[in-house]
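Trainee: Could you give me a close look at a single part of this model? I'd like the neighbours followed outward as well.

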Amino acid sequence: MADVPFVIAVHGGAGTMSPNPAIEAPYHLALKAALAAGAAVLECGGAALDAVEAAVVSLEDCPLFNAGRGSVYTAEARHEMDAAVMEGQRLAAGAVACVRGVRNPVVLARSVLESSGHVLMVGEGAQCFAQQMGLAMEPEAYFHTDERLAELRRAQKQRKPAGGQAPPPHDAHFGTVGAVALDCAGHLAAAVSTGGLTAKRAGRVGDSAVIGAGIYANDLSCAVVATGTGEHFIRSAAAHDVHARMAYRGQTLQEAAPDVVFGELLRIGGRGGLIALDAQGEVSMPFNTAGMYRGVQRQGQAPCTAIFQDEMPNP
C-alpha cells in the first residue's frame, strides 16, 4: 500500500468541567506531549500500534490523568488498573484488568498481545506475567496523589448507608486515557488505560479491558477508544458498535460515532465519549458530557487540543 498521511488522536477522559484557563493549561500540555510521543513513532514510519502505546505511556506517566501514576483509589484505598491494545490488520488484541504495581499497564497489555497466547489476563496472574516479562514495577506510593485520595474520601462520604455504591456525582470526571492512530502503511490501532472508578469495589472491571466495549480496531472500518461510565459502554458494546454501523449499515465515521454516543449509549443512561479514526484519516470525537480532554495531530500539521464543545471544529 502506498504511503498515506499519518494521523494520531488522544483523549484524557470526559466529564463535567468548568472553564478555567489556569487549570486547563497543564492538560493541554500533557495532551500535546502524548501526541508528540505517538507522532515521533509515525514520523519514522513506525506502526500505529507502537504509536498508540507510546502516546498512552505518556499519559500514564502524567499524574493529571486517571491512569498509571494518577490512578484513582478503590474502596480499600488501593490502585487497580485496566488497559488494552488492539491493532486493525490482524484484529490482534491484548488486555489486563485489576493489576497493581505495574508502572505502565498499557505496556503489559501489549505484552499480553505479543507474548502470552491470550487476550485478557487479570489480577495476580497478570502481575506475575509482568514480572516475567521484565516490565517496570512500582510501589504503591508511586501511584499516590493527594487529589485522588481526597476524591476517595469524598466518595466514601457519599456512599449509600447500606454499603452500595452511590451513582457518579453530577460533576463526575470519568478518567480514562486512550489513543488511536493511522500509520503510513494504512493500518489502524488503538490503546486505552484507566485506574477505573473512585471507590470502586475490589475486582471491578470497566470497559477499558473489554475488547469491543472500550476499545476496538479494524483496518476495514475504524479504531475507537472510549471514556465514561464503563458499565454502560460494556452493555452497549459501544466501540464495536461504531465499527458495526460502518461495516454493516454503511454509515460514515462521522455518522456512526455520534449515533453511538448520543443514541444507544445515552438511551441507557451512559455518560462519556469516544475518539474514533477511520482508514481514510477522518476523526470523530463525540461526547455527551460538558467536556472531554482530547487532541489530534496530522502529518505535517501542528497538534490541536481541546476540552469543551466547539473548541476543535475540524479535527
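Mentor: Let's start with strand 7 and work outward from there. Keep in mind that this is a predicted model, where local features need pLDDT of at least 70 and side-chain atom pairs count only at pLDDT 80 or more, while totals for chains, interfaces and linings use all residues. Residues are numbered from 1 along each chain as its sequence is written, and side-chain values use heavy atoms, leaving out hydrogens and water.

Strand 7 covers residues 188–194, and seven of its seven residues are buried, so the rest of the structure largely encloses it. (Buried is under 20% relative accessible area, exposed over 50% and partly exposed in between, with a 1.4 Å probe and protein chains only; strands are DSSP E runs of at least two residues and helices H or I runs of at least four, numbered from the N terminus.) In a regular strand, side chains alternate between the two faces of the sheet. Here both faces are covered: Leu188, Ala190, Val192 and Thr194 are buried on one side, and Ala189, Ala191 and Ser193 on the other.

Now for the partners. Strand 6 (residues 176–182) pairs with strand 7 in the antiparallel sense over seven bridges, where pairing takes at least two DSSP bridges. Val180 has Ala190 as its bridge partner in strand 7. The hairpin of strand 6 and strand 7 has five residues between the strands, and among them Gly186 takes a positive phi near 90°. Strand 2 also pairs antiparallel with strand 7, over six bridges, and Asp82 stands opposite Thr194 of strand 7.

Back up a little from strand 2 (81–87) and you reach His79, in the loop that follows helix 2 (48–60). His79 is buried too, at 1% relative accessible area. Its side chain makes a polar contact of 2.8 Å with the side chain of Glu140 (a polar contact is an N or O pair within 3.5 Å; within protein one atom must be able to donate a hydrogen and the other to accept it, and residues adjacent in sequence count only if both atoms are side-chain atoms). A polar atom of that His79 side chain also lies 3.3 Å from the backbone oxygen of Phe143. Leaving aside neighbours within four places in sequence, His79 is in contact with residues including Ser71, Tyr73, Val99, Arg100 and His144, contact meaning heavy atoms within 4.5 Å. As for Phe143 and Tyr142, both are buried.

Helix 2, on the other side of the His79 loop, packs on helix 3 (residues 105–116) at about 150°, their axes 8 Å apart. (Axes are lines fitted to C-alpha atoms, for helices over the stretch in contact, and angles run from 0 to 180 degrees between N-to-C directions.) That makes the two helices roughly antiparallel, the label for angles over 145 degrees; under 35 is roughly parallel, 65 to 115 roughly perpendicular and the rest oblique. Helix 2 contributes Leu49, Asp50, Glu53, Val56, Val57 and Glu60 to the contact, and helix 3 contributes Pro105, Val106, Val107, Arg110 and Leu113.

So the route outward from strand 7 goes by way of its antiparallel partner strand 2 to the loop holding His79, and on to helix 2.
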